[in-house]
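Subject: The structure we talked about

Hi,

Here is the structure I promised to pass on, with my notes below it. Have a look at it first, and then see whether the notes help you find your way around.

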Amino acid sequence: MSEVNNDQRLNIISKLPDEILQTILDKLPVIDAVSTGFLSRRWRDLWKYISVVEFDPSWVQLTGKDIISSLNQFICLHKGQKIQRFSVRFTYQPEMSATVDSWVLFAINKHVEDLDLDFDVTDNNIIENTAYAPCHKLLPNVFNNRSIVRLVLSFCDLELPMSIQLQSLKVLQLHRIELPQDAIQMLTSNAPILEQLFLSDCNRTKDLQIHVAPNPHFSDLVIVENFFPVNHTTKMYIKAPTAFQVAFMGSMPRSKYIIEEVQECDEAHFSLQGMFSACGKYGLNILVDDSSALRYEYVLLELLIRFRSSDTFHMCNWCIQVFYSY
């Protein structure tokens with residue numbers, strides 16, 4: 001009886017319009033969407049029109065096939081006119097450059113809205129030295145695009161073209177990238193409706209300039225840093241005149257944080273629990289007179305002073321402990 005019911009359900013679903021079935025397939029992992037092609041003739045080609053494409057290490061684990069050849073084959077077979085989300089997470093090697101470029105062009109030509117590229121998913125290369133590890137140089141097409149709404153880039157060479165046009169970009173996330181000093185200013189100046197900027201472990205070997213162009217739509221600046229292996233002599237410069245919220249997360253590894261302009265910031269977040277583990281590793285304790293510990297206390301206090309006009313503060317235990325020790 002159950003077999004009959006299952007067949008009936010499958011027949012009912014199979015009679016739905018292609019557009020609805022393709023929407024259903026977009027909710028599935030790529031491997032499951034592709035597998036539906038074996039159900040019946042009705043389903044054979046439907047997966048070739050899916051608009052959500054995600055390849056990561058789980059693909060290798062589940063299929064035993066490498067991402068490179070699998071994604072190349074998928075692109076050759078894809079028939080849809082639109083890609084909603086294109087996400088690839090793998091460990092890049094320099095000989096893959098032309099192949100990766102073909103993937104990015106595929107997504108751009110399909111009017112991708114959500115582009116997510118991680119070229120060192122295991123975080124192996126960057127631990128040694130971001131500046132000298134093999135990075136993929138992105139095509140300039142990525143930065144002259146009318147369709148991208150959300151752009152997530154991890155561990156790549158951000159050599160920006162002279163002309164940048166990101167008219168639809170609302171969310172920009174940059175992870176583990178050595179940014180040119182003017183990169184943030186160039187990107188945000190040419191993204192007129194940008195709302196959120198998320199930076200994670202960028203410029204571990206040099207100063208980080210975060211100059212966000214004035215923009216009435218911009219609301220959130222989030223900065224995440226791990227204590228190691230950031231060069232602790234480096235500085236961070238922040239100018240975000242129209243940011244509503246500014247958040248510091250992870251730890252505070254740099255020698256100085258220079259806030260040049262955040263006059264419209266209403267909420268400041270300091271979630272720096274990573275400082276506990278960093279202090280523990282080096283035997284530091286903010287409750288005793290230790291010169292290294294004191295240095296980070298002073299850096300935090302200087303930072304807090306620059307946000308004194310904010311209406312709301314969110315502080316972690318480490319920040320509160322430092323604050324009340326003075």
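Strand β11, residues 235–239, pairs with β13 in the parallel sense, over 5 bridges. One bridge to follow on screen is that of K239, whose partner in β13 is E261. Please keep in mind throughout that this is a predicted model. The two strands belong to an open sheet of 3 strands with the order β9-β11-β13, and the pairing is parallel. At the edges stand β9 (208–211) and β13 (256–261); each has a single partner strand, so one side of each is left without a neighbour in the sheet. On average, neighbouring strands here are turned by 10 degrees against each other, direction ignored.

The loop between β8 (196–200) and β9 is also worth a visit, for its backbone angles. D201 is found in that loop, and so is N203. As background, most residues other than glycine have a negative phi. D201, however, has a positive phi near 55 degrees, and N203, not a glycine either, has a positive value of about 55 degrees. Are these two buried or exposed? D201 is buried, with a relative accessible area of 7%, and N203 counts as buried at 1% relative accessibility. The cut-off for buried is under 20%.

Next, the empty space. The structure holds 1 cavity of 30 Å³ or more, and about 40 Å³ of space lies in the largest cavity. Its lining is made up of I223, E225, F248, M249, S251, M252, Y257 and L272. Two elements, β10 (220–225) and β12 (245–250), give two or more residues each to this lining. By class, the lining has 6 nonpolar, 1 polar and 1 charged residues.

Two of the residues that line the cavity, F248 and Y257, turn up again among the aromatic rings: ring pairs link F248, Y257, F270, F307 and F313 into a cluster. The count of aromatic pairs comes to 12. Another pair to look at is F90 with W103, which is edge-to-face, at 5.4 Å centre to centre and with 65 degrees between the planes. This pair links distant parts of the chain, 13 residues apart: F90 sits in the loop between β2 (85–89) and α6 (97–109), while W103 is in helix α6. Both F90 and W103 are buried.

Finally, there is the second largest pocket, with a volume of about 160 Å³. Which residues line the second largest pocket? They are D26, L28, P29, V30, I31, V52, E54, F55, D56, S58, W59 and L62. At least two residues of this lining come from each of α3 (30–35), β1 (52–55) and α4 (57–63). By class, the lining has 8 nonpolar, 1 polar and 3 charged residues.

P29, one of the lining residues, has its place in the loop between α2 (18–26) and α3. With a relative accessible area of 44%, P29 is partly exposed. The C-alpha atoms of P29 and V53 are separated by 8.3 Å, although the two residues are 24 residues apart along the chain.

I hope this gives you a good start. Do write back with anything you would like to go through together.

Best wishes

Terms used: Residues are numbered from 1 along each chain as its sequence is written. This is a predicted model: local features need pLDDT of at least 70, side-chain atom pairs count only at pLDDT 80 or more; totals for chains, interfaces and linings use all residues. Side-chain values use heavy atoms; hydrogens and water are left out. On a 1 Å grid over the protein atoms alone, a cavity is a set of points where a 1.4 Å probe fits but cannot get out, and a pocket is an open set with protein on both sides within 12 Å along at least five of seven lines; lining residues have an atom within 4 Å of a point. Grid points are joined across faces, edges and corners, and a volume is the space filled by probe spheres set on the points. Helices (H or I, at least four residues) and strands (E, at least two) are DSSP runs, numbered from the N terminus. Ala, Val, Leu, Ile, Met, Phe, Trp, Tyr, Cys and Pro count as nonpolar, Asp, Glu, Lys and Arg as charged, and the others, Gly among them, as polar. Two strands pair if DSSP finds at least two bridges between them. Axes are lines fitted to C-alpha atoms, for helices over the stretch in contact, and angles run from 0 to 180 degrees between N-to-C directions. Rings of Phe, Tyr and Trp (its six-membered ring) pair if their centres lie within 6.5 Å; planes under 30 degrees apart count as stacked, over 60 as edge-to-face and the rest as tilted. Buried means under 20% relative accessible area, exposed over 50%, partly exposed in between (1.4 Å probe, protein chains only).
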